[in-house]
Amino acid sequence: TLNAMSREMQVGDELQMRLRDYFRYRHTSTNIEEWFELLELMSPSLRGEVALKQCGSWINNVPFFHGAPDGFIVDIALKLKTETFPQGEEIVHAGQISTKMYIVERGVVGGKGRVFTSGKVFGEEVLGGGSQAAFTARAMTYCDVFGLPGTDLEDTATNYPAMRKRLRVAGCRGNDQGLAHRVRPGVGSHREGRQGEPQRKRRGGAGGSDGVRSRARGCAKEG
């Protein structure tokens, strides 16, 4: 049990209270994991129908998934992994390589001066093969999110050529916006350091303007 683990590991009263709150929320507010366990026990046809009913509306709310074939939506729904984050915890950290895209199922996520509520998406950098996250996303309340690993998304898209092209274009656009955000003068680490250092960072490497133009050319080819 949680109490026994807390005593054995001597986690302290403050952390033990946070753990209790977390598991109380999980117990009373979400049963997504149980639904996915039941899906695994169903026949393929029933599994597809239930997955479409259960997650189809969430997936169709994502702009670059909207209007996708039912088969694609079912395949994506079966690959979603539910994750729960307590208030104040980071979900994505700026500068880290994105490995997942997230769809908010319940709660409020904040980042880059925006709020992401039910059905909203962040972590689109993964669509372009994975790049650095453009901003830190943090749970503003207890949050349930659907995580979709980039590798699973790529594997699914290989069976749907039209969707694969659409996702690559969306990924290019997201990456370009993130790169442009990171190389603006006076932002983040460019504000600090020796005189002249920011200019060298902006001119060289994948994070500079050359990298932005390179990715833009890739988008043009996808279009």
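R106 is partly exposed, with a relative accessible area of 34%. R106 pairs with E105 in a salt bridge, and their closest N and O atoms are 3.5 Å apart. This is a predicted model. E105 itself is buried, because its relative accessible area of 12% falls under the 20% cut-off. The bridge therefore joins a buried residue to a partly exposed one.

**Around E105**

E105 sits in strand β3, which covers residues 100-106. Beyond its neighbours within four places in sequence, E105 touches W58, S118, D144, V145 and F146. One of these contacts, D144, returns in the charge pattern. E105, R106 and D144 are linked in a network of salt bridges.

**Salt bridges across strands**

The whole structure holds 4 salt bridges. Among them is the pair K100 and E83, whose side chains meet at 2.7 Å, N to O. K100 belongs to strand β3 and E83 to strand β1 (residues 81-85), so this bridge ties together parts that are 17 residues apart in sequence. K100 is partly exposed at 26% relative accessibility. E83 is buried, with a relative accessible area of 17%.

R138 and E90 form another salt bridge, at 3.3 Å, N to O. R138 lies in strand β7 (residues 137-139) and E90 in strand β2 (residues 90-92), so the pair ties together parts 48 residues apart in sequence. Both ends have a similar label. R138 counts as partly exposed at 35% relative accessibility, and E90 is partly exposed with a relative accessible area of 31%.

The table lists these three pairs.

| Salt bridge | N to O distance | Accessibility of the basic residue | Accessibility of the acidic residue |
|---|---|---|---|
| K100 and E83 | 2.7 Å | K100, 26% | E83, 17% |
| R138 and E90 | 3.3 Å | R138, 35% | E90, 31% |
| R106 and E105 | 3.5 Å | R106, 34% | E105, 12% |

**Strand β1 and a distant partner**

Strand β1 also holds T84. T84 is buried, with a relative accessible area of 8%. Its C-alpha atom is separated by 9.5 Å from that of A139, a residue 55 places away along the chain.

**The loop at K112**

K112 lies in the loop between β4 (109-111) and β5 (114-116). Its phi is near 55 degrees, a positive value in a residue other than glycine. Most residues other than glycine have a negative phi. K112 is partly exposed, with a relative accessible area of 43%.

**A cavity and a pocket**

The search of the whole structure finds 1 cavity of 30 Å³ or more. About 30 Å³ of space lies in this largest cavity. Its lining is made of V92, F122, G123, E125, A133, F135 and A137. By class, that lining has 5 nonpolar, 1 polar and 1 charged residues. The charged one is E125 and the polar one is G123, because Glu counts as charged and Gly as polar.

The second largest pocket holds about 230 Å³ of space. Its lining consists of L15, R18, L19, D21, Y22, P86, Q87, G88, E89 and Y142. These residues divide into 5 nonpolar, 2 polar and 3 charged. The charged ones are R18, D21 and E89, because Arg, Asp and Glu fall in that class. Q87 and G88 make up the polar part, because neither belongs to the nonpolar or charged types.

**The whole protein**

The protein has 9 helices and 8 strands. Of its 223 residues, 38% count as buried. About 12900 Å² is exposed, and carbon and sulfur atoms supply 52% of that area. Among contacts between residues at least 6 apart in sequence, 70% join residues at least 24 apart. The bridge between R138 and E90 spans 48 residues in sequence, so the strands β7 and β2 are tied across such a separation.

Methods
Residues numbered from 1 in each chain as written. Predicted model: local features only at pLDDT ≥ 70, side-chain atom pairs only at ≥ 80, totals over all residues. Heavy atoms only, no water. Helix = DSSP H or I, 4+ residues; strand = E, 2+ residues; numbered from the N terminus. Contact = heavy atoms within 4.5 Å. 1 Å grid on protein atoms, 1.4 Å probe; cavity = no way out; pocket = protein on both sides within 12 Å on 5 of 7 lines; lining within 4 Å. Points joined across faces, edges and corners; volume = space filled by probe spheres on them. Buried < 20%, exposed > 50% of the residue type's maximum accessible area, 1.4 Å probe, protein only. Areas by Shrake-Rupley, 256 points an atom, 1.4 Å probe, with all protein chains shown as cover.
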